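Trainee: Got a minute? I'd like a quick tour of this one.
Mentor: Sure, let's bring it up.

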Amino acid sequence: AAAVAIAAASMKYQQLSLVAESAVSHNAEIKKRVLLSYNEVPNVTQYARAVFPPRAVAEEHAHSDMYEVFLCESGTGEIVVDGKSYPLSAGVNVVVAPGERHLVRNTDEKAEMVLTYFGILQPSKAE
């Protein structure tokens, strides 16, 4: 089924299960559903929900122009920021600053890990 978005003025309404699934750029086996694309909301680069299969890793990378915010919805894993590991579990929120190298890993052998995440452009880059 196709995604249905109902817009009234600037409001956007979506059902997550109807949003098309795509691969994350850091690992094609990790699937995401993008709820907001680049600049649909000023300074937000993307708002998405990603499902990490068991042991999946979004490889180390950095963003020079944005903050990235992660909320672990379910499962267990870790986020490594500039070489330091932090545990992820349901309810944990992490903010990664521009330039910080990071990777995200599902550490479970059997269960998926679900993250909701978004990027925010730095003020100097957003103008």
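Trainee: How many helices and strands does the protein chain have?
Mentor: One helix and 12 strands. Keep in mind that this is a predicted model.

Trainee: Where does the helix come in the order of elements?
Mentor: At the end. Going from the N terminus, the protein chain runs β-β-β-β-β-β-β-β-β-β-β-β-α.

Trainee: Okay, overall shape. What is the radius of gyration of the protein chain, and what would a compact globule have?
Mentor: The protein chain has 15 Å. A compact globule with 127 residues would be near 14 Å, so the two agree.

Trainee: And what does the C-alpha trace span?
Mentor: About 45 × 40 × 25 Å along its principal axes.

Trainee: What share of the residues is buried?
Mentor: Buried residues are 33% of the 127 in the protein chain. The accessible surface comes to about 7,200 Å². Carbon and sulfur atoms hold 53% of that surface.

Trainee: Switching to charges. How many positive and negative side chains are there?
Mentor: There are 11 positive and 15 negative ones. The centres of the two sets lie 3 Å apart.

Trainee: Back to the strands. Which way do β3 and β4 pair?
Mentor: Antiparallel, over four bridges. β3 covers residues 21-24 and β4 covers residues 27-36. The two form a hairpin, with two residues between them.

Trainee: Which residue in β4 stands opposite Val 24?
Mentor: Asn 27.

Trainee: What about β4 and β5, how many bridges there?
Mentor: Five, and these strands also run antiparallel. One facing pair is Arg 33 and Arg 49, the latter in β5.

Trainee: Let's stay on β5. Which residues does that strand cover?
Mentor: β5 covers residues 44-52, and Thr 45 is in it.

Trainee: Is Thr 45 buried or exposed?
Mentor: Buried. Its relative accessibility is 13%, and the buried class means under 20%.

Trainee: What is Thr 45 in contact with, leaving aside its neighbours within four places in sequence?
Mentor: Ser 37, Tyr 38, Met 66, Gly 119, Ile 120 and Leu 121.

Trainee: Some of those numbers are a long way off in sequence. What share of the chain's contacts is between residues 24 or more positions apart?
Mentor: They account for 60% of the contacts with a separation of 6 or more.

Trainee: One last thing. How do side chains in a regular strand sit on the two faces of the sheet?
Mentor: They alternate between the two faces.

Conventions
Residues numbered from 1 in each chain as written. Predicted model: local features only at pLDDT ≥ 70, side-chain atom pairs only at ≥ 80, totals over all residues. Heavy atoms only, no water. Rg over C-alpha atoms; globule rule 2.2 N^0.38 Å. Buried < 20%, exposed > 50% of the residue type's maximum accessible area, 1.4 Å probe, protein only. Contact = heavy atoms within 4.5 Å. Areas by Shrake-Rupley, 256 points an atom, 1.4 Å probe, with all protein chains shown as cover. Lys, Arg positive; Asp, Glu negative; His and termini not counted. Charge placed at Lys NZ, Arg CZ, Asp CG, Glu CD. Pairing = 2+ DSSP bridges.
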